[in-house]
Amino acid sequence: KLSSYLHHAVVPIYTYMGVTEPLLESECPIPPIGRNKYAATGTKSDVEKKVKSRPMGGDDFVCLNYWRCAPSEGKNKQRILFGSLADSYPMPMWLIQYRLKKAFVQVYPQCRHVNFECIWGGPLAFSRRAVPLIGRDESFQDDNDDDDDCGGSVWYATGFGGHGIVPTVMAGSVLANAILGKDKETWRMFQQHFPPENMFWPVGRLGAQLILFGYNVIDWAHVKGLPVPKVPKPW
């Protein structure tokens, strides 16, 4: 909480991943799509050359489920990495484990007997517009720094909201070029058009939880084949 200005501009959304116990290839519900692409190039180890590549999957729920296979120790064995859940408040591990397993079985009912060997997760920062926040917190600016001195102050890049690693790499490049004085305009463009906006803390956090709960109900009704209203998704 270095900056209350930024702290109040995002809402934490907790999400989690689990990895299953080792499965035989015959037990893995995700079929292989061929040999690893490195098999023909010889640029990887002999072990990696023998690994069959398998697709990554996901659904279009607001609190989306996503999964893929991962190699495991032992001959012809695989694990499944499975991610799900979205809450604005942390949950006890027993509840996380129960809900994650329930979501996993919903996708692969034949894996009801499969247990998660490890579960981990944490908060993702979501901004009001679901757009990354990139810029400089000028409340920390040194009195000796002028507006054109891009080396001072505290820089930030947050609110990526689960968009993945591509925007974070872009943000790092933008901030690095700004601090080095190579590009003094791009970061200002982000800060001008997508400034940190107050999320009405702590009411915004409770509101986010209620919104997520409502979308969970809609997704559940959709799976059950019940009529559901068409509502815009938050992202």
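**Exercise 1.** Which residues of helix α5 (residues 186–193) are buried? Work with the predicted model shown above, and find where these residues lie around the helix.

*Solution.*
- Step 1: Look for residues with under 20% relative accessible area. In α5, these are Trp187, Phe190 and Gln191.
- Step 2: Look along the axis. The three cover an arc of only 95°, which puts them on the same side of α5.
- Step 3: Find the partners. The buried residues of α5 pack against the strands β7 (133–137) and β8 (154–158) and the helix α4 (165–179).

**Exercise 2.** Describe how α4 and α5 pack together.

*Solution.*
- Step 1: Two packed helices are described by the angle between their axes and the distance between the axes.
- Step 2: Here the angle is about 120°, and the axes are 8 Å apart.
- Step 3: Angles of 65 to 115 degrees count as roughly perpendicular and those over 145 as roughly antiparallel; α4 and α5 are therefore oblique to each other.
- Step 4: Name the residues in contact. Helix α4 brings Met170, Val174 and Ala178, while α5 brings Thr186, Trp187 and Phe190.
- Step 5: Sort them by class: 5 are nonpolar, 1 is polar and none is charged.

**Exercise 3.** Explore the largest nonpolar core.

*Solution.*
- Step 1: Among its 19 residues, Ile80, Phe82 and Phe104 touch the most other members.
- Step 2: At least two residues each come from β1 (10–20), β4 (66–71), β5 (77–87), α3 (93–107) and β6 (116–127). The largest share, 4 residues, is from α3.
- Step 3: Zoom in on Phe104. Beyond its neighbours within four places in sequence, Phe104 contacts Thr20, Ile80, Phe82, Cys111, Val114 and Phe116.

Conventions. Residues numbered from 1 in each chain as written. Predicted model: local features only at pLDDT ≥ 70, side-chain atom pairs only at ≥ 80, totals over all residues. Heavy atoms only, no water. Buried < 20%, exposed > 50% of the residue type's maximum accessible area, 1.4 Å probe, protein only. Arc of directions from axis to C-beta. Contact = heavy atoms within 4.5 Å. Axes fitted to C-alpha atoms, helices over the stretch in contact; angles between N-to-C directions. Parallel < 35°, antiparallel > 145°, perpendicular 65-115°, else oblique. Nonpolar A, V, L, I, M, F, W, Y, C, P; charged D, E, K, R; others polar. Core = buried A, V, L, I, M, F, W, Y, C linked by side-chain atoms within 4.5 Å.
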